[in-house]
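Here is a short walk through one protein model. Keep the sequence and the 3D view side by side as you read.

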Amino acid sequence: MEKRFEKFTGLIMDISRFIQKIKNIEMARLGLKGKQVQCIFALFNSENGESLRDLCFICGEDKGALSRTIKELELKGLVYTDETDSKKYKLPIKLTQQGQKVAQVVADKISEMFAIGSDGIDDVQRSNLYDTLNKILNNLNTIYKNIGE
């Protein structure tokens, strides 16, 4: 059992580290930071922008960290806040024209890296992998919820 724990957590941590390293290297080439990838990609895939609250959920970031990321992207002219809504916390954040261009490069790079990273994995294997990871996630979520009781 201990070997399974070491193997599983080691693989997950190594995958995560490599993703972070690759994001940092590729985003540095665009004058951006790796932590900005999720935000740019989420906005790229959104037709009408996203509120800060929704972006936090999509990107898995807390409000403070994401607010700093949005500020950095605003200073670079890549995003803006659509102030047509009177409720500040609900204001949609959108990509500028320049932001759309950068986001397209990011999306293309994600597709390229994803294709390379999943080389040799067929659709059945991919589906099984995602199903298994979802089961593990749900099981861990149940454990987490029960720990406090």
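The text below covers a pocket, then the aromatic rings, then the cysteines.

This is a predicted model. Start with the open space. Rolling a probe the size of a water molecule over the atoms shows where empty space is left. The largest pocket holds about 1,500 Å³ of space. Its lining counts 33 residues. Look for I15, S16, I19, F114 and Y130, which lie nearest the centre of the pocket.

Which helices build this wall? At least two lining residues come from each of α1 (2-28), α2 (37-44), α5 (97-117) and α6 (123-147). α1 gives the largest share, with twelve residues. By character, the lining splits into 23 nonpolar, six polar and four charged residues.

Now turn to the rings. The structure has zero aromatic pairs. One ring does meet a charge: the charged end of K21 sits over the ring of F18. The distance to the ring centre is 5.6 Å.

Last come the cysteines. A disulfide is a covalent bond between the sulfur atoms of two cysteines. How many disulfides does a search of the whole structure find? The count is zero. Take C56, which is in no disulfide. Its nearest cysteine sulfur belongs to C59, 7.8 Å away. C56 is also buried, at 13% relative accessible area.

Why does C59 not bond with C39? The two sulfurs are 5.2 Å apart, so they are too far from each other for a bond; a disulfide needs them within 2.5 Å. The sulfur of C39 is the closest cysteine sulfur to that of C59. C59 counts as buried too, with 11% relative accessibility.

Methods
Residues are numbered from 1 along each chain as its sequence is written. This is a predicted model: local features need pLDDT of at least 70, side-chain atom pairs count only at pLDDT 80 or more; totals for chains, interfaces and linings use all residues. Side-chain values use heavy atoms; hydrogens and water are left out. On a 1 Å grid over the protein atoms alone, a cavity is a set of points where a 1.4 Å probe fits but cannot get out, and a pocket is an open set with protein on both sides within 12 Å along at least five of seven lines; lining residues have an atom within 4 Å of a point. Grid points are joined across faces, edges and corners, and a volume is the space filled by probe spheres set on the points. Helices (H or I, at least four residues) and strands (E, at least two) are DSSP runs, numbered from the N terminus. Ala, Val, Leu, Ile, Met, Phe, Trp, Tyr, Cys and Pro count as nonpolar, Asp, Glu, Lys and Arg as charged, and the others, Gly among them, as polar. Rings of Phe, Tyr and Trp (its six-membered ring) pair if their centres lie within 6.5 Å; planes under 30 degrees apart count as stacked, over 60 as edge-to-face and the rest as tilted. A charge sits over a ring if NZ of Lys or CZ of Arg is within 6 Å of the ring centre and within 35 degrees of the ring normal. Buried means under 20% relative accessible area, exposed over 50%, partly exposed in between (1.4 Å probe, protein chains only).
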